[in-house]
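Please open the model in your viewer and keep the selection panel at hand. The tour goes from one pair of strands to the sheet around them, and then to the contact between chains.

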2 protein chains.
Amino acid sequence: MTEIKIQKNVLSKNDELAAELRRDFARKGVLVLNMLSSPGSGKTTLLEKTARALAGKLRIAAIEGDLQTERDADRIRAAGVRAVQINTGRGCHLDANMIANILPKLEVAELDVLFIENVGNLVCPAAFDLGEDFAVLLMSVTEGDDKPAKYPTAFLKADLLVLNKLDLQPYTNFDIERFRGDVARVKPSLPMLQVSCTTEQGLESWFQWIERKTKAKRERPRR
Amino acid sequence: MTEIKIQKNVLSKNDELAAELRRDFARKGVLVLNMLSSPGSGKTTLLEKTARALAGKLRIAAIEGDLQTERDADRIRAAGVRAVQINTGRGCHLDANMIANILPKLEVAELDVLFIENVGNLVCPAAFDLGEDFAVLLMSVTEGDDKPAKYPTAFLKADLLVLNKLDLQPYTNFDIERFRGDVARVKPSLPMLQVSCTTEQGLESWFQWIERKTKAKRERPRR
């Protein structure tokens with residue numbers, strides 16, 4: 001009982017700070033994307049490809065969330081993008097306070113898009129607002145088509161679903177139509193892109209989605 | 001600060017109850033395996049194959065942990081094994097209290113092996129002892145070979161590592177030697193089995209591991 005109350009208190013404090021961050025991001029006209037997925041769905045690879053494809057078009061930076069290591073930030077930097085790492089230790093998600101603390105290391109006002117790569121976890125990150133414009137859920141076909149029913153909170157939080165590793169689908173029993181049906185039962189309005197970071201199939205739609213949202217944010221910033 | 005204290009308190013209460021469960025499992029001579037992995041690594045498929053292979057040799061039951069649905073318990077039951085489902089709602093792990101509450105639904109004293117399929121999550125379940133004899137970490141090659149350094153707590157907790165989906169390795173950039181090196185840096189003593197639930201390659205070693213541990217548990221129960 002006490003635990004539940006404290007949990008609610010932590011969440012409401014987080015939501016207040018996230019609302020402040022959202023106002024700040026709006027004033028600065030930067031599009032912020034909170035990237036959620038299981039470990040190993042390909043978030044960092046997708047960001048590498050995105051950084052390379054949009055270099056010269058958009059000014060991009062990334063916040064990398066991991067329990068330990070700077071590996072992901074190093075990979076993103078190697079793709080030519082400014083990246084800062086948050087190591088959460090045993091912490092299973094990023095929260096608004098971690099984002100607020102690391103923002104001074106990034107010149108946010110000079111950015112078009114800020115990617116936040118959350119800790120690989122389909123459960124806890126879904127409960128914490130980071131002030132993002134959109135939550136993007138990445139899933140790979142190798143994880144199985146039963147995930148929407150089993151992890152509904154992540155699908156409910158998501159504003160866009162990116163289904164990755166399409167190139168491996170022929171070697172799995174992943175049924176895209178069954179998956180689509182399950183997604184629709186959890187959140188009928190959730191749009192889905194199908195991509196493969198290996199073959200680059202479908203990535204163009206993802207880049208276009210980012211460009212469209214960046215343009216909309218500049219023209220009509222959220223408050 | 002308060003949050004940290006409460007977290008420690010929750011963990012120490014969990015550990016006390018887990019110790020009680022462990023004594024109870026020892027008295028009843030049942031081998032208890034806590035199965036940890038990311039979502040979609042193949043825990044349920046591995047348990048289905050195991051249930052079918054060991055039917056007639058060992059008396060098996062399973063506790064299935066998921067946010068929602070009875071799907072996994074249904075799959076395990078279809079494989080001929082008694083299974084009970086714990087739905088955690090938004091909860092990101094099983095704890096000792098959930099196990100203690102559901103045990104009356106299983107006739108534990110009549111069992112040789114009890115599998116506990118934890119919530120798919122590489123972070124939070126690693127912090128909660130369930131009274132198990134062994135924590136088994138399942139990982140699939142499609143998740144990438146960088147996981148030991150990025151999620152060390154799960155590897156540290158594990159007593160056995162099962163690397164799954166070997167059949168998909170040729171289609172990925174997963175480097176088994178690099179992975180083995182990274183595992184050894186986190187936990188040099190951690191043994192690894194390599195399997196594919198699809199082709200059944202390597203499953204025999206996993207079945208033999210269970211049979212050996214079951215025999216040892218019967219002959220020299222832990223206290």
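In this predicted model, begin by selecting residues 31-36 and 134-140 of chain B, which are strand 1 and strand 5 and which pair in the parallel sense over four bridges. Within this pairing, centre the view on Asn34(B), which stands opposite Ala135(B) in strand 5 of chain B.

Next, extend the selection to the whole sheet of chain B, an open sheet of seven strands in the order 3-2-4-1-5-6-7, with parallel pairing. Its edge strands are strand 3 (82-87) and strand 7 (192-194) of chain B, each of which pairs on one side only. If you look across the sheet, the twist from one strand to the next averages 20 degrees.

Now add residues 176-186 of chain B, which form helix 7; this helix packs on the sheet and touches strand 5, strand 6 (160-164) and strand 7 of chain B, while its direction makes about 160 degrees with that of strand 7 of chain B.

Then show chain A together with chain B, and select the contact, to which chain B and chain A contribute 36 residues each. The area buried between the two chains is about 3100 Å², with carbon and sulfur atoms giving 60% of it.

Six salt bridges are found across this interface, and for one of them you can select Arg71(B) and Asp182(A), whose closest N and O atoms are 3.2 Å apart. To see which helices of chain B take part, colour helix 1 (2-28), helix 3 (71-78), helix 5 (147-150) and helix 6 (152-157), each of which supplies at least two residues of the side that touches chain A. Coloured by residue class, that side of chain B divides into 14 nonpolar, ten polar and twelve charged residues.

Terms used
Residues are numbered from 1 along each chain as its sequence is written. Chains are lettered from A and ligands numbered from 1 in the order in which they are written. This is a predicted model: local features need pLDDT of at least 70, side-chain atom pairs count only at pLDDT 80 or more; totals for chains, interfaces and linings use all residues. Side-chain values use heavy atoms; hydrogens and water are left out. Two strands pair if DSSP finds at least two bridges between them. Axes are lines fitted to C-alpha atoms, for helices over the stretch in contact, and angles run from 0 to 180 degrees between N-to-C directions. Contact means heavy atoms within 4.5 Å. Buried area is the accessible area (1.4 Å probe) that two parts lose on being put together, summed over both. A salt bridge is a side-chain nitrogen of Lys or Arg within 4 Å of a carboxyl oxygen of Asp or Glu. Ala, Val, Leu, Ile, Met, Phe, Trp, Tyr, Cys and Pro count as nonpolar, Asp, Glu, Lys and Arg as charged, and the others, Gly among them, as polar.
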